[in-house]
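Here are a few notes to read with the viewer open. Take them one at a time and find each spot as you go.

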Amino acid sequence: MSAWETNASIKEIADWLADKQRIVVLTHSRPDGDAVGSSLATVRSLNRATKTRRASVWYTGSTPWWLKELAGDAPYHALEGHDNIDIEPDAIVVVDTGSWKQLEGLADFVRNRTAITTVIDHHLNGDPDMAPRLHISKESAAAVQPVCQLATELLHLECPRDLPTNIAELIYAGLATDTGWFRHASVRPAVFRLAADLLDAGVDHAAIYALVEQHDRASRLRAMAAALATLELHDRDRIATMELTREAIHAAGAGPADTGGFSELGLKIASVRVSATLTEVETSKEDPATKISMRSKAGSNMVNVNLVAQALGGGGHANAAGAKLPYTIQESKRRLLDALEHATKATK
Ligand SMILES: [Mn+2]
């Protein structure tokens, strides 16, 4: 019985990857900044180390619109529908997740090849049977932190300061987005030290902020307005919920990629300790599904939303977590509020 703990050092993983020729890099479905940053930085450093295009990323689910610009010429594929990976790899590297559920359509591909798989992650929970080599950096705020070590190891560099700018940018993007632009409780001195090194490597941090955060389509703001219009407060105003139906997303002219990150807005209310957005992801009545995204405020009476998400079959981090429930929005909200009121009671 293996555990969700590191059993391979970054050096051992770099050595294991040294002679691999066809490397598939994967991350969680609907990749966010850290998933994109850690996967593309892995690919770029692997390819740069041997000066061959031996590694590429395969993404599933909607990808952020800024992916193309951030990736530049780094090789990646965005799979649609039932498309699958069309090469037979000699190594698989999974970054920023280690959960079968989060691999969605690619889980079976990996399941048949766990012997050649390595996981580099920072989540508190995962499935240790995914790979014999696990590097789980639970103290890291972002997966790009252990990936940065891998990059410096693969390229035989002393320090992240020496990284090529196009790798440093990817690492910075993951570090900044997974810490809410350096605001979350997960930020430790090591995060700022790494950020400083990445700036030394030539990262234009203001340009990355503008690219990721100030480039929304108007339809995203319309979807946000629709979500805000459904704002409800529960449990003596300590819990905020917002809802987004498929209909509302469609009416806003938005797509699934436009709806992330709204939960943060509820935390602006003084009394609110946890804010959640419930997004409808399936249309058919027989097969409803709701995605729940939660954010909580840091502080002495912090609600650990990772535990709440786990109770609902999902996971994440103490201040940012989520789950997907096979119910309608209303039924999911009932279950969510039950789980949350339990958690807020526990922390008074
Ligand atoms: Mn992450």
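1. Before anything else: this is a predicted model. The domain assignment splits the chain into domain 1 (10-213) and domain 2 (218-346), and their C-alpha centres sit 27 Å apart.

2. Have a look at the open sheet of 6 strands. Going across it, you meet the strands in the order β7-β8-β9-β10-β12-β11, and the pairing is mixed. β7 (232-234) and β11 (315-316) are at the edges with a single partner strand each, so each has one side without a neighbour in the sheet.

3. Now zoom in on one pair. Strand β8 (residues 239-244) runs parallel to strand β9 (residues 274-280), and 6 bridges link the two. If you want one bridge to click on, try glutamate 243, whose partner in β9 is leucine 278.

4. Next, the helix across the strands. Helix α14 (residues 329-346) lies over β7, β8, β9, β10 (290-296) and β12 (320-325). Its direction makes an angle of about 165° with β8.

5. How do domain 1 and domain 2 meet? On each side, 13 residues are in contact with the other domain. The size of an interface is often given as the accessible area lost when the parts come together. Here, the area buried between domain 1 and domain 2 is about 930 Å², with 45% of that from carbon and sulfur atoms.

6. Which side chains form a salt bridge? Glutamate 264 and arginine 183 do, at 3.8 Å from N to O. The interface of domain 1 and domain 2 has 1 salt bridge, and 3 residue pairs in polar contact are found across it as well.

Definitions and conventions. Residues numbered from 1 in each chain as written. Predicted model: local features only at pLDDT ≥ 70, side-chain atom pairs only at ≥ 80, totals over all residues. Heavy atoms only, no water. Pairing = 2+ DSSP bridges. Helix = DSSP H or I, 4+ residues; strand = E, 2+ residues; numbered from the N terminus. Contact = heavy atoms within 4.5 Å. Axes fitted to C-alpha atoms, helices over the stretch in contact; angles between N-to-C directions. Domains from an automatic or database assignment. Buried area = accessible area lost by both parts, 1.4 Å probe. Salt bridge = Lys/Arg side-chain N within 4 Å of Asp/Glu carboxyl O. Polar contact = N/O pair within 3.5 Å; in protein donor to acceptor, adjacent residues only side chain to side chain.
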